[in-house]
Every structure is written in structure tokens, then in C-alpha cells.
Amino acid sequence: MAIIAGDLIARRSVEVLKQGQSASGAFVASPAFPVYRYAWLRDGAFCAYALDRCDELDSAAAFHAWVARSIEAHRPMIEQAIARIDAGDPPLPEQMPPARYTLEGSLETTEDEPWPNFQVDGYGMWLWSLAEHLGGPIVGELRETAELVARYVRATWPMKSFSCWEEFDGGEHASTLGAAVAGLDAAASLLDDSEWSDAARVVRERLLARFVREGRLARGPDDARVDGSLLWLGVPFRVLPLGDPLLEATVDAVRRDLHRPGGGVYRYRGDTYYGGGEWILLACSLAWHELSRGNAEAAQPIREWVRAQAHGNGDLPEQVSDHAQTPGMIAPWVARWGPAATPLLWSHAMYLIMESVA
Ligand code: BGC
């Protein structure tokens with residue numbers, strides 16, 4: 001793809017993604033941050049999409065094959081969760097299928113800190129990413145896995161779960177429902193069956209009925225703040241079409257409340273993780289939205305800011321703390337887990353996606 005040729009950060013981004021892909025096909029979240037030595041479905045879905053856009057189709061295919069193997073290895077657990085939810089006796093959150101697998105596709109070991117693994121959004125994001133990769137209905141073996149994941153998303157989206165930021169915060173999250181919409185719409189195309197677009201419509205209706213505050217979407221039904229992850233409700237989740245007044249009012253609120261002028265994008269007001277700094281992948285998400293709307297001028301300073309955050313070798317971190325919301329919370333996190341994750345594969349994926357639409 002043309003963007004790679006003259007752009008050191010884009011070249012390095014492809015390298016970071018490919019080097020961070022294990023022989024199994026899994027993408028490690030960050031190779032240099034011990035807590036992130038796992039493969040998240042959420043991060044991986046965006047890594048595969050980015051590589052598709054850079055014509056690295058084999059890498060994306062290897063990821064999807066790894067997801068399918070990992071899911072099939074846990075089919076009994078997933079089938080059981082669906083059956084128990086249908087019977088009105090849902091498993092405990094810690095008994096649900098995980099948000100992250102080991103690079104070999106197993107559940108994490110119990111010596112690790114307990115992780116808030118019940119996150120539905122990654123499963124929806126995987127279906128979205130797979131549909132983008134295949135560009136039409138599945139012929140062949142991935143079909144059964146996609147159908148299982150679609151049934152899992154349809155069963156779990158109404159439940160309280162952890163957010164894309166792995167926080168509970170009331171348990172209901174607009175971006176989780178957005179990922180469910182994207183995943184179920186993707187299932188309709190992958191399985192060539194409108195049953196799944198009907199299921200997506202129900203989620204979309206719930207989102208629009210419960211999450212609108214002050215004329216725009218809010219991060220939770222009882223939390224009127226915006227969240228950077230609301231940006232994805234336009235691109236790539238297509239919960240609302242670009243230009244829709246509700247979506248644009250939501251993005252306006254993100255610009256006003258979370259985008260530091262001349263800088264990046266915060267996850268949400270009150271974030272304390274590593275002080276609550278500006279996230280590279282959210283800055284890229286805002287630029288992605290602007291570019292998709294034809295606002296190249298608005299995207300330009302964001303692209304420049306992102307580039308300026310790259311380390312000398314082109315590595316992009318998860319977040320930067322120079323303008324942290326709660327500076328006093330940087331040191332405690334550094335003491336607990338080490339310096340903020342760098343390079344973060346998802347940051348690099350979003351950089352490539354942003355540059356591929358520019
Ligand atoms: C983020 C998640 C991400 C994970 C791995 C967490 O800190 O909140 O969104 O999936 O790191 O990158």
C-alpha cells in the first residue's frame with residue numbers, strides 16, 4: 001500500500017504488528033509490557049483489519065484462523081454459557097468466555113492477577129473484522145465458528161459486563177452495544193442470513209432508547225459523560241450513518257470534552273489509569289472519523305500529534321501522560337506494572353487505519 005513507502009511510522013507499524021504476531025496467528029497486545037502478554041480479541045480485530053488495509057492478507061487470515069481454533073477449543077464453555085443464559089441461570093462473570101487468550105489460545109493461568117474477562121465487545125469486533133476480511137459470506141469451516149460467536153453475542157449483549165476499557169462502571173456500555181451491532185450485522189453478511197440483522201436492529205434500538213443524553217449518546221445509561229470509544233459508533237461499527245445528527249452531536253461532545261486542542265483524546269473524564277492520559281488509538285479514531293467525513297483539515301493536526309508521539313524507532317505507546325488528568329496516579333501505576341505499554345499493537349493498527357483513509 002502506498003502509505004508504507006515514505007512513512008517510517010507506517011513501516012514500523014507493519015513491522016510491530018507482524019513481529020507481534022505469534023506463530024499461532026495471535027497478536028500479543030504489547031511485546032514489552034508483561035501484563036499485556038496475552039491476545040485480546042478486541043485489539044486483534046483491529047490489528048487484522050489494519051493489515052488487510054495494507055495488503056498483508058496472510059497475516060490477517062492467520063489471526064482469524066487462530067481465533068476460530070481458540071473459540072472451537074472452548075466451544076463447550078461457550079455453548080454452556082448460551083444455554084444457561086437462555087434458561088435464566090447465567091454463569092458468573094468469571095465463568096464466561098474470556099476477553100483475552102494466551103497466544104496459544106488457552107485460558108490464562110490462575111497465577112495471574114484476576115482479570116475482568118467478561119467483555120462481550122471483542123466477540124462482536126471479531127465478527128466485524130472477519131466480515132471485512134472476507135468481504136462476503138463464508139464458504140467453509142469458519143462458518144460454524146462465526147455462527148457460534150453470533151449466538152454468544154446475541155445471548156450476552158443484554159447482560160452487565162466489563163467495558164472495552166475493562167472497567168465495570170455500572171456494567172452497561174454504549175461501545176459494547178455498538179460492537180454487538182457491528183458483530184451481528186457482520187454475521188448477517190457472513191452467514192447470509194437476515195436473522196442476524198434483525199438481532200442487530202434490536203441492539204441498536206436499545207442503544208438509542210437508553211443511551212441518549214443531552215441530545216447525544218452517553219457512555220452509559222446512568223452516566224451522561226462521553227467516552228472516546230463512542231467514536232466507533234460511526235466508523236467502523238455503523239450503528240449510525242456518518243452525518244447522522246445524533247452521531248455528529250456525539251462526536252462534537254467528544255471533541256469538546258475529550259480532545260485536547262493540538263493534542264490527543266482522553267478515554268473519559270475522570271480516567272486515572274496511568275494518570276488518565278491521551279490515547280493514541282483514540283486520537284487516530286477521531287482522525288478516522290474526520291477523514292471519513294471529508295474533514296481532512298480537522299484530521300491533519302491530529303495526525304501530526306500522533307506522529308510526534310512516536311519514539312525514535314517509530315514505536316507508538318498506548319497513551320502519553322504529559323497532560324494527564326490525574327498526574328498523581330502515574331507513579332502508582334508505573335510502580336505496579338512498569339512504564340505505560342510501548343509499543344502497543346492496537347496503537348499501531350489504528351495509525352495504519354488512519355493513514356490508509358487519509
Ligand atoms: C485497555 C483495553 C485493551 C487492553 C490491551 C487495556 O488497558 O483498556 O482496551 O484491550 O489494555 O491492549
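Which residue has a side chain that a polar contact of 3.2 Å joins to the side chain of Glu248? Select Glu248 and His289 together, and you have the pair: their side chains are joined by a polar contact of 3.2 Å, where a polar contact is a pair of N or O atoms within 3.5 Å, one of which, within protein, must be able to donate a hydrogen and the other to accept it, and residues adjacent in sequence count only if both atoms are side-chain atoms.

Before going further, note that this is a predicted model, in which local features need pLDDT of at least 70 and side-chain atom pairs count only at pLDDT 80 or more, while totals for chains, interfaces and linings use all residues. Residues are numbered from 1 along each chain as its sequence is written, and side-chain values use heavy atoms, with hydrogens and water left out.

**Stop 1: Glu248 and its surroundings**

Keep Glu248 selected and add Arg293, whose side chain is also joined to that of Glu248 by a polar contact of 3.2 Å. Glu248 sits in helix H10 (residues 245–258); helices (H or I, at least four residues) and strands (E, at least two) are DSSP runs, numbered from the N terminus. With a relative accessible area of 13%, Glu248 is buried, a word that stands for under 20% relative accessible area, whereas exposed stands for over 50% and partly exposed for what lies in between (1.4 Å probe, protein chains only). Setting aside neighbours within four places in sequence, Glu248 is in contact with Leu242, Gly243, His289 and Arg293, contact being heavy atoms within 4.5 Å.

Move next to Leu242, in the loop between strand E4 (216–217) and H10. Leu242 is partly exposed, with a relative accessible area of 35%. Its C-alpha lies 8.0 Å from that of Ser292, although the two residues are 50 apart in sequence. Beyond residues up to four places away in sequence, Leu242 touches Val235, Leu247, Glu248, His289, Ser292 and Arg293.

**Stop 2: the ligand**

Select the ligand and the 13 residues that surround it, of which the closest are Tyr36, Arg42, Asp43, Cys164 and Glu166; a residue counts here if one of its heavy atoms lies within 4 Å. An oxygen atom of the ligand is 2.6 Å from a polar backbone atom of Cys164. For side chains, look at Arg267, which has a polar atom 3.3 Å from a ligand oxygen, and at Glu318, where a side-chain N or O atom is 3.5 Å from an oxygen atom of the ligand. The protein covers 98% of the 310 Å² of accessible area that the ligand has on its own, as computed by the Shrake-Rupley method with a 1.4 Å probe.

**Stop 3: helix H7**

Colour helix H7, residues 142–156, which has 15 residues and reaches 21 Å from its first C-alpha to its last, close to the 21 Å expected, that expected span being 1.5 Å times one less than the number of residues. Because 11 of its 15 residues are buried, H7 is largely enclosed by the rest of the structure. Among the buried residues are Leu142, Arg151 and Tyr152. To see what they pack against, show helices H4 (57–73), H5 (75–86), H6 (121–134), H8 (174–190) and H9 (195–210).

From Ala155 in this helix, step to Phe211, whose C-alpha is separated from that of Ala155 by 20 Å, with their positions 56 residues apart along the chain. Phe211 belongs to the loop between H9 and strand E3 (212–213) and counts as buried, at 1% relative accessibility.

**Stop 4: unusual backbone angles**

Most residues other than glycine have a negative phi, and most peptide bonds are trans. Select Val235 and Pro236, which are joined by a cis peptide bond with omega of about 5 degrees; Pro236 lies in the loop between E4 and H10. The peptide bond from Thr342 to Pro343 is likewise cis, with omega near -10 degrees.

Finish with Asp55, in the loop between helix H3 (41–53) and H4, which has a positive phi of about 65 degrees although it is not a glycine. Asp55 is exposed, with a relative accessible area of 57%.
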